[in-house]
Amino acid sequence: MFQLLWAHFTLMVIAQVAVQSKFTRNLWVCLIGALLLRALMQRLRNQRIFAFMAALPGPTGLPFLGAIHRIVGINTTNACRYLKNLCKDYPRNFSIWMCGIPHVLTSDPEAISAILASSENTDKFSHHKCIKTEYPAIVSAQGDEWRNMRKLVNPTFCISNFKVFERNFQYRTNEFLNKLDKHATGEEFDIHLPVHLCTLDLVCDNMIGCEMDVQKNNLEYLSIAMSRAIEMMFERAFQPIFWPDFTYLLSGQQTSFRKTYNPGLDFVKLGIEQRMKARKEGVVATESEGEYISFKNNF
């Protein structure tokens, strides 16, 4: 996407120079002819792609620009609503051109399942490069790295495992409900924070196998830091000027992101390190009995 924006920026500069320098009519004809010839060659080389895109419904695009005008004004607050409206206008599968680059969007569960199950379709689209961290993570990993991480965490989400951790789910849910008692006044409040803290407790207990007591210790800073880090990722995704790592670093945004991201990273590292230490010492968490290795004194 950055290369496309750079190309269009170059064309704009050429057009501006042409106006200032009063290019002759012949030079303008050559420039337009070159663009048309390039578009024709691309179409001939990619006939199958063009035929496939034409077979799918989708918004009408402009020459060279495609449907880029349809995404003007999209930001972090209305992106989901925009995609929802597109899926409503074009159910299941539809195509959309963006500056000469073909995109296919789908809400078809069967298509999504086939893509996720494929051993070949593991690379995320180019726009995803700005949603990344400095450390390996399943949300930002690509290719084989993503496949290996997914295989590692897949068993965790097996429904049969929920029965093993039933007592723990009940315990953490009761903690969550007790924290909500203070809000039983009829006034509105943001439920995201208590839900997130409860989720962190469940992840630590059931995935890492150690008791962090996030809710009991009221570690709100973790939720705030993680939520802000995710917001910064998506803010970068909707600001093309920050897509290149160089401009993101130069602006100071990368330093700010590190400060925001590191508390959550340190928390996860601590849990994993303590769990590995306990295993070396022969201490094994018996999940089936609802017992966990407690590291709450570290906070």
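**Loop residues, aromatic pairs and a charge over a ring**

With a relative accessibility of 38%, Asn218 counts as partly exposed, because that class covers the range between under 20% (buried) and over 50% (exposed). The model described here is a predicted one. Asn218 sits in the loop between β3 and α10. Its backbone is a bit unusual to look at: phi is positive, at about 55 degrees, although Asn218 is not a glycine.

Asp213 turns up in that loop too, between β3 and α10, the latter spanning residues 220–237. Here phi is near 50 degrees, again a positive value in a residue other than glycine. As for the surroundings, Asp213 has a relative accessible area of 0%, so it counts as buried. Asn218, by contrast, is partly exposed at 38%.

Strand β3, on one side of this loop, covers residues 210–211, and Cys210 belongs to it. Cys210 has 0% relative accessibility and therefore goes down as buried. Where does the chain come back towards Cys210? One such place is Gln274: the two residues are 64 apart in sequence, yet their C-alpha atoms are 8.2 Å apart in space.

On to the aromatic rings. Taking rings of Phe, Tyr and Trp as paired if their centres lie within 6.5 Å, the count comes to four aromatic pairs. One of them joins Tyr90 and Phe94, with 5.7 Å from centre to centre and 35 degrees between the planes, a tilted arrangement. Tyr90 has a relative accessible area of 19% and is buried, since the buried class takes in values under 20%. Phe94 is buried as well, with a relative accessible area of 0%.

Another pair is made by Phe257 and Tyr261, whose ring centres are 5.4 Å apart and whose planes differ by 15 degrees. This pair counts as stacked, because planes under 30 degrees apart fall in that class. Both residues lie in helix α12, which runs over residues 253–280. Phe257 and Tyr261 are four residues apart there, or about one turn of the helix. Both of these residues are buried.

Finally, one ring has a charged partner over its face. Which residue lies over Tyr248? That residue is Arg236, found at 4.0 Å from the ring centre of Tyr248.

Conventions
Residues are numbered from 1 along each chain as its sequence is written. This is a predicted model: local features need pLDDT of at least 70, side-chain atom pairs count only at pLDDT 80 or more; totals for chains, interfaces and linings use all residues. Side-chain values use heavy atoms; hydrogens and water are left out. Rings of Phe, Tyr and Trp (its six-membered ring) pair if their centres lie within 6.5 Å; planes under 30 degrees apart count as stacked, over 60 as edge-to-face and the rest as tilted. Buried means under 20% relative accessible area, exposed over 50%, partly exposed in between (1.4 Å probe, protein chains only). Helices (H or I, at least four residues) and strands (E, at least two) are DSSP runs, numbered from the N terminus. A charge sits over a ring if NZ of Lys or CZ of Arg is within 6 Å of the ring centre and within 35 degrees of the ring normal.
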